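I set out to record, entry by entry, what I looked up in this structure. The entries follow the order in which I worked.

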Amino acid sequence: MNSPMIYALLGITLFSVGLYGLIVREHLLRKILALNIMGSGIFLMLVALGKRSAGELPDPVPHAMVITGIVVAVSATALALTLMLKLVEASGSAVLHDAPKDRS
Amino acid sequence: MEALDFALGLFDILLVFLVLSLAWLVMSSEDLFRAIVLFVAFGLLMALVWVRLEAPDIALAEAAIGAGLTGALMMAALDRLSSVKPIQKVAASAQRKQLSLSSKVLPLIALVLIVLGLGYALLSLPEIADGLTPNVKENMAQSGVKNPVTAVLLNFRGYDTLLEMVVLLLALLSVWSLGGERKLSPRSTNPILGSLCRVLVPVLILVSCYLLWVGADAPGGAFQAGSVLGAAGVLLLLSGWHVEQKYLLWPLRFILILGSGVFIIMAAVLLLIQGGLLTYPVAQAGWMILLLESAATLSIGATLAALFLGGVPKSRVDQ
């Protein structure tokens, strides 16, 4: 197993760790952190697979896509955090509730 | 050579272990503040991973954004969260106790299955795949730049970057429409922050210009330069930078739309002259890309700093 494959496997493991956090943890800030970790995992897998090329340099197309992705991820994070603050302002809790009757 | 390969192999394993344990700690630590600090450390190690994968362009972007700006955004949100409702943390931990064991174990089992399935799919891929490398190599001479990543970002797939600038603008518009007006923070009394700011901000601006210029031939470019500029903006906002209200209206909005604007005008002009969206004439490609990148850098920097503020900026009234 060569090193790009190790990092590709790390990518899918990070994705799953993030997904686990997204499901299990309740606090919305934690869920946003989890989404960021999932994103890092996906980026890692994309770039690691792009390194399988026979030439000297890795495939630059995934690199460009991931750079774009990182900037989109940070702007989406900023929007998510603003939405979270808005929700806390409205409902008084940073946790999503199942049924409307639970809302305090 | 063999000894070096062995050492690098060991380093890879250590790095994978560290990144994975940090990700787990971010998810499992009880304290949110600690989780954010760990996330910043995670971002820094991710930058190292990108270097190991021979992706220095991504490493630069990750070090500035993943490790810096995202962490700063989270910290600011956590700070505002505690000022909105201080008893909130207690409520969250009380609720976690209600979570039954099965609702924790079942997702874990499902996720192990997902990892196994994805891992199997990954390992069954061919060892060597060229992807789009030959296409990029073939057209590099006509791209006007020497860095293949910049060529893909600004030339071959320039419309991706155009739409990305619009995404940034849309994110900022949504934050502004939700966040309301936000006053610039008062001048910081912390002497360390003040002198740090005076030294670092000019250096950051210089680094940003360098990254922008060097992006044509070496790792760097508009996104990295823009994120460094954004970091300088965050530092200035934290130290209580005073900006007069008149500059926060039209001049700020002009800088924010400069990137998308120049991109769209360039695309439209080239569509009329060349008959294709962002298909540069070979001789002029170099300076056209530099022009687009300069506009994009300013917009990205201003947008990221404005996102950190989290609302429509409003000048504070100084004494």
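**Entry 1. The interface**

I began with the two chains and found 73 residues of chain A in contact with 82 residues of chain B; contact means heavy atoms within 4.5 Å. The model is a predicted one, so local features need pLDDT of at least 70 and side-chain atom pairs count only at pLDDT 80 or more, while totals for chains, interfaces and linings use all residues. I note also that residues are numbered from 1 along each chain as its sequence is written, that chains are lettered from A and ligands numbered from 1 in the order in which they are written, and that side-chain values use heavy atoms, with hydrogens and water left out.

I then looked up the area buried between chain A and chain B, which is about 7,200 Å². Buried area is the accessible area (1.4 Å probe) that two parts lose on being put together, summed over both. Carbon and sulfur atoms give 78% of this area. On the side of chain A, the residues A:Tyr7, A:Tyr20 and A:Arg52 supply 10% of the area that chain A buries against chain B, more than any other three residues.

**Entry 2. Polar links across the interface**

How many salt bridges join chain A and chain B? I found one, taking a salt bridge as a side-chain nitrogen of Lys or Arg within 4 Å of a carboxyl oxygen of Asp or Glu. Its partners are A:Lys51 and B:Glu54, with N to O at 3.3 Å.

I also counted ten residue pairs in polar contact across this interface, both residues at pLDDT 80 or more. A polar contact is a pair of N or O atoms within 3.5 Å; within protein, one must be able to donate a hydrogen and the other to accept it, and residues adjacent in sequence count only if both atoms are side-chain atoms.

Next I asked which helices of chain A supply at least two residues each of the side that touches chain B. They are α1 (3-24), α2 (28-50) and α3 (60-91); helices (H or I, at least four residues) are DSSP runs, numbered from the N terminus. The largest share, 23 residues, comes from α3(A). By class, this side of chain A has 47 nonpolar, 17 polar and nine charged residues. Here Ala, Val, Leu, Ile, Met, Phe, Trp, Tyr, Cys and Pro count as nonpolar, Asp, Glu, Lys and Arg as charged, and the others, Gly among them, as polar.

**Entry 3. B:Glu54**

I returned to B:Glu54, which lies in the loop between α2 and α3 (56-84) of chain B. B:Glu54 has a positive phi of about 55° although it is not a glycine. Most residues other than glycine have a negative phi. At 37% relative accessibility, B:Glu54 counts as partly exposed; buried means under 20% relative accessible area, exposed over 50%, and partly exposed in between (1.4 Å probe, protein chains only).

**Entry 4. The cores**

I searched for nonpolar cores, each a set of buried Ala, Val, Leu, Ile, Met, Phe, Trp, Tyr and Cys residues joined through side-chain atoms within 4.5 Å. The largest has 107 residues, of which A:Leu14, A:Met84, B:Phe42, B:Trp50 and B:Leu278 touch the most other members. Helix α13 (residues 285-309) of chain B gives the largest share of this core, 13 residues. Beyond four places in sequence, B:Trp50 touches residues of chain A including A:Phe43 and A:Val66, and residues of chain B including B:Ile58 and B:Glu62. A second, separate core of eleven residues includes B:Leu193 and B:Leu236.

**Entry 5. Other salt bridges**

Over all chains I found five salt bridges. One of them joins B:Arg52 and B:Asp12, whose closest N and O atoms are 2.7 Å apart. B:Arg52 lies in helix α2 (residues 32-52) of chain B and B:Asp12 in helix α1 (residues 2-28), so the pair ties together parts that are 40 residues apart in sequence. Both residues are buried.

A:Glu89 and A:Lys86 meet at 3.7 Å, N to O. They are three residues apart in helix α3 of chain A and therefore separated by about one helical turn. A:Glu89 is exposed, at 53%, and A:Lys86 is partly exposed, at 35%.

**Entry 6. B:Ser239**

Last, I asked whether B:Ser239 is buried or exposed. B:Ser239 is buried, with a relative accessible area of 13%, and is found in the loop between α10 (222-238) and α11 (245-248) of chain B. Its side chain reaches the backbone oxygen of B:Leu236 at 3.0 Å.
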